[in-house]
Amino acid sequence: MSFSSRLLSRSKQLYGSQAILNQQHAFPVRYYAKEAAPAGLKGDEMLKDIFRDIKQKFETAIGVLRKEKITIDPEDPAAVSHYAKVMKTIREKAGLFSESQRIQCTIEEETQDIPDARTYFLKLQEIRTKRGLSDELGVEAMTMDALEKVEKEIKQPLMRNDKKGMALLMAEFDKVNKKLGIRREDLPKYEEELELKIAKAQLEELKKDAVEAMETQRKREEFKDEKVIDVRALDIRNFL
């Protein structure tokens, strides 16, 4: 895979850690979200539409990257911040989903036919586990404890269309959020912090790829005497 292709690939790797609003009920969850499929078309037309859409998004991304100087330095906050802004610009211009949109889309897709709260939360846990994502704050355990408390109070399984029962669960979630220091009004800040973490991880992968590529090249006879280049000096625009 070429270096520029790796860069574009990294820009699509999006992982989520967010308080999600679903049917007016917010709760903290952590997992990966896939993008929604395009509207239903038939046969060759669908394939042509998909190809044209991917081609357009790719060209848009390349157009943005050709204008921006990206410094491959995951330890430099300024470089990480700039890279995050470039990736955000690509998403906005190419019409790609933001983190919260991707997460919300997958929640709706994966859970739309689940009637009860317990199965719903277990599904979220399943998605997180499959993606290899960690629950560092222990949110899932606190979520299930809250659900146990509510179901014990109402003396039956909690259904997602039970407005009174869900209101009780929301009150318990508010307690969890308070314990974790999570405020709904701070969600934009949390999303920004997430974007920076993703940007740093992507820059780390780009640095690793660049170092491996240079080391492989130096093993060739004609390059063995070449001076080692600092990856921070590389200009990605030269590889596009």
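How far apart are the end C-alpha atoms of helix H5 (residues 117-130), and why should that span be expected? They are 20 Å apart, which agrees with the 20 Å that 14 residues should span at 1.5 Å a residue; the expected span is 1.5 Å times one less than the number of residues. Helices here are DSSP runs (H or I, at least four residues), numbered from the N terminus.

This is a predicted model, in which local features need pLDDT of at least 70, side-chain atom pairs count only at pLDDT 80 or more, and totals for chains, interfaces and linings use all residues. Residues are numbered from 1 along each chain as its sequence is written, and side-chain values use heavy atoms, leaving out hydrogens and water.

Back to H5: Asp116 caps its N-terminal end, with a side-chain oxygen 3.4 Å from the backbone nitrogen of Arg118. Buried residues (under 20% relative accessible area, 1.4 Å probe, protein chains only) of H5 include Tyr120, Phe121 and Leu124.

Tyr120 and Phe121 also turn up in the largest nonpolar core, a set of buried Ala, Val, Leu, Ile, Met, Phe, Trp, Tyr and Cys residues joined through side-chain atoms within 4.5 Å. They are among the members of this 16-residue core that touch the most others, as is Leu158. These helices each give two or more residues to the core:

| Helix | Residues |
|---|---|
| H4 | 99-111 |
| H6 | 139-154 |
| H7 | 163-180 |

H5 does too. Apart from this core lies another, of 15 residues, among them Leu65 and Leu203.

Finally, Lys155 sits in the loop between H6 and H7. Lys155 has a positive phi of about 60° despite not being a glycine.

Key
Buried means under 20% relative accessible area, exposed over 50%, partly exposed in between (1.4 Å probe, protein chains only). A polar contact is a pair of N or O atoms within 3.5 Å; within protein, one must be able to donate a hydrogen and the other to accept it, and residues adjacent in sequence count only if both atoms are side-chain atoms.
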